[in-house]
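Trainee: I would like to take a close look at a single part of this protein, and I would be glad of one connected account.

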Amino acid sequence: MAPTADYFMVLNPDVILAADALTTGLVFMRENPEVALIGPAWIEADGTMRPACYREPDLLTLMLRGLGFTANNSQRIARYECRDWDAPVPVYNPPLISGSCMLFRGDAYDRLGGFDTGYFLYFEDFDLSRRASRMGVSAYVPAMQVRHHGGGVAKKGWRHWLWFVKSAIRYHWRAHNQGRYDN
């Protein structure tokens with residue numbers, strides 16, 4: 001079956017692309033045919049840049065994050081959020097790419113079958129990113145920049161926290177049964 005499109009972008013409604021973000025991503029994909037998925041850099045409210053990537057979370061990290069701890073008050077969270085990646089060059093095969101903005105090759109996305117509908121709201125992007133990495137190379141491309149205005153499970157109320165916990169359990173169960181990344 002032929003792919004439905006040459007490229008496929010997943011984009012949250014609370015993400016604003018830089019003027020050249022899509023062009024930058026497409027050029028990178030054309031120049032790197034082995035890459036199936038790329039993720040951008042987030043430009044934060046204070047103008048700092050950080051990868052839209054994560055390391056595999058452990059239970060303590062997820063609990064701290066779910067309770068509202070940030071990279072400002074936790075080295076563990078800073079490591080989880082890949083804040084040590086400060087070079088302006090692509091990082092190949094990051095552990096996980098955030099679903100706030102993902103650019104796929106169309107054929108790779110089609111082969112993946114999209115998101116797992118067993119998730120609701122949280123961790124479906126980590127699951128998709130992990131599955132995509134088994135199909136080919138993924139990359140964090142800091143030249144592709146976006147602003148993401150979301151996040152903050154702890155601020156959204158108990159219902160979101162319960163959805164977060166339920167999805168975290170599903171994700172960790174699947175990761176354990178399908179193989180994990182090395183951090």
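How many aromatic pairs does the structure hold, and what do Tyr54 and Phe126 form?

Mentor: This is a predicted model, and what follows should be read with that in mind. The structure holds 7 aromatic pairs, and one of them joins Tyr54 and Phe126, whose ring centres lie 5.3 Å apart with 50° between the planes, a tilted arrangement. Tyr54 belongs to strand S5 (residues 53-54) and Phe126 to helix H5 (residues 124-133), so the pair ties together parts that are 72 residues apart in sequence. Tyr54 is buried, with a relative accessible area of 6%, and Phe126 is likewise buried, at 4% relative accessibility. The two rings also belong to a wider group, since Trp42, Tyr54, Tyr80 and Phe126 form one aromatic cluster.

From Phe126 we can turn to the helix that carries it. H5 is mostly covered, with 9 of its 10 residues buried, and the buried set holds Asp125, Asp127, Arg130 and Arg131 as well as Phe126, Leu128 and Ala132, with Ser129 and Ser133 completing the list.

The next step is the nonpolar interior. In soluble globular proteins, nonpolar side chains tend to be buried together. Here the largest nonpolar core has 26 residues, and Phe126 is listed with Ile38, Phe123 and Met144 as those with the most contacts inside that core. Helix H1, strands S3, S8 and S9, and helix H6 each supply at least two residues of this core. A second, separate core of 14 residues includes Ala41, Cys82, Met102 and Phe104. Phe123, once its neighbours within four places in sequence are left aside, is in contact with Pro57, Leu62, Phe164, Ser167, Ala168 and Tyr171.

Helix H1 (residues 21-31) deserves a word of its own, with Ala21, Thr24, Gly25, Leu26, Phe28 and Met29 as its buried residues. These buried residues pack against several strands, namely S1 (7-11), S2 (15-17), S3 (35-43), S6 (91-92), S8 (101-105) and S9 (137-148).

Cys82, named above in the second core, lies in the loop between helix H3 (75-80) and S6, and at 0% relative accessibility Cys82 counts as buried. Its backbone merits attention too, for Cys82 has a positive phi of about 55° although it is not a glycine. Most residues other than glycine have a negative phi. Asn93 also has a positive phi, near 60°, and is placed in the loop between S6 and strand S7 (96-97), but Asn93 is partly exposed, at 44% relative accessibility.

On the outside, Leu59, Leu60, Met63, Leu67, Phe69, Trp158, Trp161 and Leu162 make a nonpolar surface patch of about 870 Å². Helices H2 (59-66) and H6 (158-178) each supply at least two residues of the patch, and Met63, which lies in H2, is partly exposed, with a relative accessible area of 44%.

To set these parts in the whole, the protein has 6 helices and 9 strands, and buried residues make up 45% of its 183 residues. Among the contacts with a separation of 6 or more, 79% are between residues 24 or more positions apart. The accessible surface of the protein comes to about 9700 Å², with 57% of that area belonging to carbon and sulfur atoms.

Methods. Residues are numbered from 1 along each chain as its sequence is written. This is a predicted model: local features need pLDDT of at least 70, side-chain atom pairs count only at pLDDT 80 or more; totals for chains, interfaces and linings use all residues. Side-chain values use heavy atoms; hydrogens and water are left out. Rings of Phe, Tyr and Trp (its six-membered ring) pair if their centres lie within 6.5 Å; planes under 30 degrees apart count as stacked, over 60 as edge-to-face and the rest as tilted. Helices (H or I, at least four residues) and strands (E, at least two) are DSSP runs, numbered from the N terminus. Buried means under 20% relative accessible area, exposed over 50%, partly exposed in between (1.4 Å probe, protein chains only). Contact means heavy atoms within 4.5 Å. Patches are made of residues with over 30% relative accessible area and no salt bridge: like charges are joined within 9 Å, nonpolar side chains (Val, Leu, Ile, Met, Phe, Trp, Tyr) within 5 Å. Accessible areas come from the Shrake-Rupley method with a 1.4 Å probe; for residues, only the protein chains shown count as cover. A salt bridge is a side-chain nitrogen of Lys or Arg within 4 Å of a carboxyl oxygen of Asp or Glu. A nonpolar core is a set of buried Ala, Val, Leu, Ile, Met, Phe, Trp, Tyr and Cys residues joined through side-chain atoms within 4.5 Å.
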